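Hi there,

Here is the structure I promised to pass on to you. Have a look at it first, and then read my notes below.

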Amino acid sequence: MTVSRHKWRIGVLGCGRVSARYREVLGTELSDRVEVIAAADLDAGKAQAFTDAVGGKPVHSIPALIAERPDLVCILTESGHHARHALELIEAGINVVVEKPVALRPEDAERVRDAAKAKGVMCAVIKQNRYNPAMRFVREMVSEGRIGRLVTAGVRVHWSRHQDYYDDPWHGRWSMDGGVLAQQAIHHLDALQWLGGPIDSVCAAGAAVLNRLEAEDTAIGLVRFKSGALGTIEATTSARDDDFEASLHLVGEQAMAKIGGRALNRVELWHPVEPRQGDERAAETFSQDVPTSYGLGHGPLLGEVLDALENGTPPPIDVDEALTSLRLVHALYASMETGGWVRLDDHPTSSKLGIPNEDATSGK
């Protein structure tokens, strides 16, 4: 890691639920490398609380945030605003890191990517679970060929969100968020592709089973990988009464692996056909206790973003990389809407996700 010659001036846009994790990262884990100069939120109390915790000036608009001239802004606003907010900051010549998803529509993500390139600034995207030690271990095993030919892979997300979560102005709404696939399970869909390889096609179904929302609180999917392997997706926010599990399993010709815990944070199974020294300690060595389902990957990821800024190199996860999971989400929704298998190479898109309410309701 390059040693910083100065502290990076950081702005934060949006001080809602996920901002608690950023308070820890910016205020403690990366405090020797960053200075929070401003936090913006339409709710003045949230901006004030954030800056009281980590320093900086509370402001109430993007122009006011831009006026402070941050080197990098972390965008933590509602999913449906990510692309518009990123574009406004990028056009002002400011580097951005965007919470998932980078946009609700692939075409908007591409606009963000192209704008950043034209302005010569960075747009990094948060995929914090890739930085869990358990995920890194299995990724290494895949890269070394120790899994062998993949037979099947799957993800399970059993989390809990109650009705009050969906009664706010944006969660669970097609124009601003989507359902469990777009909001919660997108992390695990990213992991499925990152570890299992490119996906050829999907077939999915979803419904609002316990909660009342425009989109789905429960979804299932079947997956065909380009390698010929088959897979499954199972996700719900109607588990009661806690976030019980976020897991991924790989069954290969040479090994079986399972990552579990609340946030893909524990090696629950590593069983190679041909063991090596240290394999028996994989669960102990690479598992990590986490306080919430956000996990602890934000700090290492944001640290690599700062490294990239210092070295003038691409971000660890750019828009094109983030587009892989966004396109998978759209393929799953397109399958729900058409009632059959869809191929990812056809770039299918949902007729609802990220579309203004009047169009989403009519199915246009």
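How many disulfides does the structure hold? The count is 0 in this model, which is a predicted one. Cys74 is a good place to see why. Its closest cysteine sulfur is in Cys15, and the two sulfurs are 11 Å apart, too far for a bond. A disulfide needs the pair of sulfur atoms to be within 2.5 Å, so Cys74 and Cys15 do not make one. Cys74 also counts as buried, because its relative accessibility is 1%.

Next, please find two helices: H5, which covers residues 106-119, and H12, which covers residues 319-338. Their axes come within 10 Å and cross at roughly 175°. With that angle, H5 is roughly antiparallel to H12. Which residues meet there? On the H5 side you will find Pro106, Ala109, Glu110, Val112 and Arg113. On the H12 side, their partners are Val319, Asp320, Leu323, Leu326, Arg327 and His330. Sorted by type, the residues of this contact are 6 nonpolar, 1 polar and 4 charged.

Now for the backbone, where two peptide bonds are cis. One of them joins Lys100 and Pro101, with omega at about -15°. Pro101 sits in the loop that runs between strand E5 (95-98) and H5, so you can look for it while you still have that helix on screen. The other cis bond links Arg240 to Asp241, and here omega is about 20°. To find Asp241, go to the loop between strand E10 (230-236) and strand E11 (245-252).

Two more residues are worth a visit for their phi angles. Arg69 is not a glycine, yet its phi is positive, at about 55°. This residue belongs to the loop between helix H3 (62-67) and strand E4 (72-75). Leu264 is not a glycine either, and it too has a positive phi of about 55°. Look for Leu264 in the loop between strand E12 (255-260) and strand E13 (266-272).

Are these two residues buried or exposed? Arg69 counts as partly exposed, because its relative accessibility is 44%. Leu264, at 0% relative accessibility, counts as buried.

Enjoy exploring, and write back whenever you like!

Best wishes

Key:
Residues are numbered from 1 along each chain as its sequence is written. This is a predicted model: local features need pLDDT of at least 70, side-chain atom pairs count only at pLDDT 80 or more; totals for chains, interfaces and linings use all residues. Side-chain values use heavy atoms; hydrogens and water are left out. Buried means under 20% relative accessible area, exposed over 50%, partly exposed in between (1.4 Å probe, protein chains only). Axes are lines fitted to C-alpha atoms, for helices over the stretch in contact, and angles run from 0 to 180 degrees between N-to-C directions. Helices (H or I, at least four residues) and strands (E, at least two) are DSSP runs, numbered from the N terminus. Angles under 35 degrees count as roughly parallel, over 145 as roughly antiparallel, 65 to 115 as roughly perpendicular and the rest as oblique. Contact means heavy atoms within 4.5 Å. Ala, Val, Leu, Ile, Met, Phe, Trp, Tyr, Cys and Pro count as nonpolar, Asp, Glu, Lys and Arg as charged, and the others, Gly among them, as polar.
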